[in-house]
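Please open the structure in a viewer and keep the sequence at hand. The stops below are to be selected in turn.

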Amino acid sequence: MHGRFRNKLMVTMIGFAVIVSLAVSLTDQIRLKNQLINANRLQVERIEEAVEDALEATEKAYMLFGNDLAMRMEAVSQELSALYRANPDLDEWDFQALKERFGFDIYLINADHVITHSSNVHDIGLNFRECCGKLASILEERRKRGGFYHDGIDLEQVSGEIKKYSYMATPDRKYLSQLSVSLKDDLIFQEYHPLRRIDQLTAKYPSVNEINVFNIGGIALGKPADTGRVSRALRPLFEHTLQTGETTETRGEWRGKPAVFRFVHYASPVDTGTTGNKVIGIVYNENELTEQLAQARRQFAVQLAVVLVIAVILSFVISGWVARPMYLAFHDPLTGLYNRAFFEEQVRNALRAQEGTIALLMIDLDNFKQVNDTCGHDAGDALLKSVAQRIRSAVRKEDSAFRLGGDEFTVLMRHADERIAQETAARIIDAVRDGVGRQNGGEREDAGVSVSIGIALAPRHARDPDALMKQADRALYAAKAKGKNQLQMCRDEE
């Protein structure tokens with residue numbers, strides 16, 4: 001009995017330890033996972049900030065030190081305007097000579113937003129409505145309003161070369177003169193060079209596949225339109241970011257491998273022209289994060305295994321320490337039945353629950369003193385163990401058997417009427433009479449031991465524990481007075 005109790009206690013403690021260990025380990029795993037994900041997110045955000053800082057630094061440098069370039073472009077635009085007044089027939093202009101004279105590429109854009117004349121022959125015929133609808137509407141407004149306009153960093157559509165552009169309408173508003181100058185050899189651009197900074201970031205972080213800075217037309221700075229344009233699949237996210245300023249992300253494939261595409265709006269604090277709004281596109285992978293998470297899972301498995309092994313060992317040791325005291329707190333050490341303290345508690349609980357009729361069987365051994373006197377206390381202990389075993393085998397599974405002390409036993413039966421109680425008492429009497437004896441030389445001798453049983457019912461005979469036990473005791477004495485080895489139901493008048 002004690003061994004079974006210890007095993008149950010150990011299993012219970014192991015189960016509890018496993019649950020606690022698993023809960024703690026899972027909590028740590030989730031916390032670590034969130035830390036890794038947040039760290040990865042923070043890294044991406046820092047890369048965004050670095051790109052924004054590079055763009056902003058370049059723009060501020062041009063604002064502080066590049067005004068002379070804008071002023072020269074405005075002066076040239078004024079000269080072209082005067083030239084147009086003198087000779088509006090653009091076919092007669094020598095654009096190559098004008099380029100050599102002024103040091104700028106020159107473009108004339110008509111009311112249909114088509115470049116009709118230019119020092120760059122390959123740009124003649126470019127239709128801004130077809131390639132750059134957003135820019136076309138801005139150019140239309142500038143052509144109608146007149147005046148001089150200059151933008152910040154932008155790119156040439158065909159080559160992707162980084163340039164600065166300026167615009168001024170002709171006096172009759174039929175054309176918009178455009179000037180451009182390459183910034184690749186400009187000292188300010190070379191000093192700050194945002195694209196070089198982008199290349200450094202891409203090389204520094206293995207998780208970054210590619211970084212682009214897109215103009216409002218969705219073309220990456222430094223790349224020609226045919227290779228640097230935002231793909232059709234990503235265009236809706238790009239437009240949403242450009243229009244709302246919200247950062248957007250989606251998952252897809254980059255060169256055949258899983259990747260995350262992230263678009264971040266950039267609004268220049270100094271550039272108020274068409275180039276003031278850009279979108280930073282970052283393509284990054286989660287390979288490092290995936291490996292870190294896999295490593296964390298492996299660590300979790302190892303830690304959990306170690307914790308479980310320690311928990312099992314501790315449970316085994318602790319159960320060995322506490323099993324015996326806990327067992328004795330509720331059990332009789334000799335017979336393994338429940339003890340008196342637990343009996344009194346169970347009777348009170350049963351009466352308090354008021355779940356139907358309760359039967360209490362008070363059991364006393366007949367002639368037990370004779371066994372102790374003639375055969376010794378060891379034989380008496382063996383007899384008590386045997387009686388306890390017979391009682392346990394005779395009662396129902398839901399009934400509880402107790403040893404109150406000495407040769408006194410009792411059985412508490414829930415949901416048992418008079419008939420069930422008497423049938424159970426009769427089985428106990430038969431089991432003890434037929435099963436208890438001594439072995440002497442291989443032959444069975446009648447030990448002269450039997451049991452007498454008194455039965456009381458609640459609430460029929462009593463409603464509180466003390467009264468119920470007294471009634472059962474009275475019935476027990478009446479059974480013994482009748483000649484022992486008998487059962488007696490408590491009389492209603494008692």
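Which residue is the bridge partner of Tyr-107 in E5? Select Gln-178, which is that partner.

The model is predicted: local features need pLDDT of at least 70 and side-chain atom pairs pLDDT 80 or more, while totals for chains, interfaces and linings use all residues. Residues are numbered from 1 along each chain as its sequence is written, and side-chain values use heavy atoms, without hydrogens and water.

Next, select strand E1 (residues 105–109) and strand E5 (residues 176–182), which run antiparallel and are joined by 5 bridges. Helices (H or I, at least four residues) and strands (E, at least two) are DSSP runs numbered from the N terminus; two strands pair if DSSP finds at least two bridges between them.

Extend the selection to the open sheet of 5 strands, in the order E2-E1-E5-E4-E3, with antiparallel pairing. Strands E2 (115–118) and E3 (148–155) stand at the edges with a single partner strand each, so one side of each lacks a neighbour in the sheet. From one strand to the next, the twist averages 25°.

Now add helix H2 (residues 67–86), which lies across E1, E3, E4 (162–169) and E5 at about 40° to E4. Helix H3 (residues 95–102) lies across E1 and E2, at about 130° to E1. Axes are lines fitted to C-alpha atoms, for helices over the stretch in contact (heavy atoms within 4.5 Å), and angles run from 0 to 180 degrees between N-to-C directions.

Finally, select Ile-310 in helix H10 (residues 287–330). Ile-310 counts as partly exposed because its relative accessibility is 46%, the class between buried (under 20%) and exposed (over 50%), with a 1.4 Å probe and protein chains only.
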